[in-house]
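Trainee: I am new to this structure and would like a close look at one part of it, namely the empty spaces inside the model and along its surface. Please take them in order, explaining each term as it comes up.

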Amino acid sequence: MNPVAYFDNVLSLFDSLSYVHTDQLKLADRTIHLRTPSLALREKFLPTLAHLSDTTEEKKPELTIWYADDNTLPQPMKAPPLEGFNAQGYHADLDQGDIQIFFQPWQTQIFLYSRSKSIGIYWVQQAEQVPWWECTFSFRALFHLWTHALPAQLVHAGTMAKNGIGVLIPGQSGSGKSTSCLNLLRAGYEYLGDDYVWVELGEEIKVFTLYQTAKVEPDNFLTRFSDWEPFLRNKTTFKEQKAIFHVTDIFPEAGISVSPVKAILLPKVAHQEYTGFEKANPTQALMAMAPTTLHHLPYGRTNSYRKLMKVASLLPGYHWNLGTNQKQFVESFDHFLANELS
């Protein structure tokens, strides 16, 4: 069986369902339908996307995502008819085809996407087998595959804004990206994301919010954000996972849907008291975004790399050397936005 026939067979399982719940989302001015027969999976995947919910009249979707487990399908899902998936779930033979399959057998889950149909499919063997982290960035791989033909790119970065000025904050784990975003959130800045955001490449670079879930290492959470513990989504397990919470539970007015971005900040824990900024070149900005983003996202990486190059070439970059003085951290950021980017 070839990949196209495999996809059509899987899609036919969903088409035969007698009960399906549909959630309509609006992301970057586009309509998405999430369709599932599994209320258990919906409870896992929808919360981080709930702020994108569109409850107006039903519209024709530009992307449809079906998702289910074996308990809610008319027959068990079969494994993809291919061998040769690497440890990240990628198969080189599928990169340029209509059908992409992201398959990591050790996680008992499969992501399928058809470029010609703009339909994504997620399957997991049992709802309780969904990895905890997958629910913090629901359907990330499918959103990425959808952007292949769009002037848009998912970026492993945070974005904070004030007065219509946003900054893109990429960085690998340990760079201080999420902690800095959450400290700015506490200081009154508007939040679009602290881990993955949707970047739209038009006449100006805009960032749209994608996920409202933040997650930080347990020690970091207890040291800096312990007053947010009542809002934890995983109170009994956060010390074995990460501390997970929805920022809009804590700051209901802080979440915004979109902002133009005026710069790329490259955070670095500087082991000094005071926070400072210094110019970075486009190559340094690109290297802060590309490796970590492309490592997470399967397929179409050459196309994504070109989009990231465009972002790095159009926005000024700055090294953001993070100090320990919290008061000065906020003051220096206020000064940076008011004097460097306005």
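**Cavities and pockets**

Mentor: The model holds 2 cavities of 30 Å³ or more, a cavity being a set of points on a 1 Å grid over the protein atoms alone where a 1.4 Å probe fits but cannot get out. This is a predicted model, in which local features need pLDDT of at least 70 and side-chain atom pairs count only at pLDDT 80 or more, while totals for chains, interfaces and linings use all residues. Residues are numbered from 1 along each chain as its sequence is written, and side-chain values use heavy atoms, with hydrogens and water left out.

Let us start with the largest cavity, which encloses about 50 Å³, a volume being the space filled by probe spheres set on grid points that are joined across faces, edges and corners. Its lining (residues with an atom within 4 Å of a point) includes Gln100, Arg115, His144, Leu145, Thr147 and His148, and further along the chain it takes in Gln153, Tyr299, Gly300, Asn303, Ser304 and Lys307. Two elements give two or more residues each to this lining, helix H3 (140–146) and helix H8 (301–314), and of these H8 provides the largest share, with 3 residues. Helices (H or I, at least four residues) and strands (E, at least two) are DSSP runs, numbered from the N terminus. By class, the lining of the largest cavity has 8 polar residues, alongside 2 nonpolar and 2 charged ones, where Ala, Val, Leu, Ile, Met, Phe, Trp, Tyr, Cys and Pro count as nonpolar, Asp, Glu, Lys and Arg as charged, and the others, Gly among them, as polar.

The second largest cavity holds about 30 Å³, and the residues around it are Thr136, Phe137, Asp195, Tyr196, Tyr211, Thr213 and Lys215. Here the division is 3 nonpolar, 2 polar and 2 charged residues.

Asp195 also leads us on to the largest pocket, since Asp195 belongs, with Ser173, Gly174, Lys177 and Lys242, to the residues nearest the centre of that pocket. A pocket is an open set of points with protein on both sides within 12 Å along at least five of seven lines. This one has a volume of about 1100 Å³, and its 42 lining residues comprise 21 polar, 12 nonpolar and 9 charged. The element that gives the most to this lining is helix H4 (residues 177–186), which supplies 5 residues.

H4 also packs with helix H9 (residues 326–341), at an angle of about 85° and with axes 11 Å apart; the two helices are therefore roughly perpendicular to each other, a term for angles of 65 to 115 degrees. Ser180, Asn183 and Leu184 of H4 meet Gln326, Phe329 and Phe333 of H9 in this contact, meaning heavy atoms within 4.5 Å, and the residues involved are 3 nonpolar and 3 polar, with no charged ones.

The second largest pocket contains about 330 Å³ of space and is lined by 16 residues, with Lys44, Trp132, Cys135, Arg233 and Ile244 nearest its centre. Helix H2 (39–45) and strand E13 (243–246) each supply at least two residues of this lining, and the lining as a whole divides into 7 polar, 6 nonpolar and 3 charged residues.

Note on methods: Axes fitted to C-alpha atoms, helices over the stretch in contact; angles between N-to-C directions. Parallel < 35°, antiparallel > 145°, perpendicular 65-115°, else oblique.
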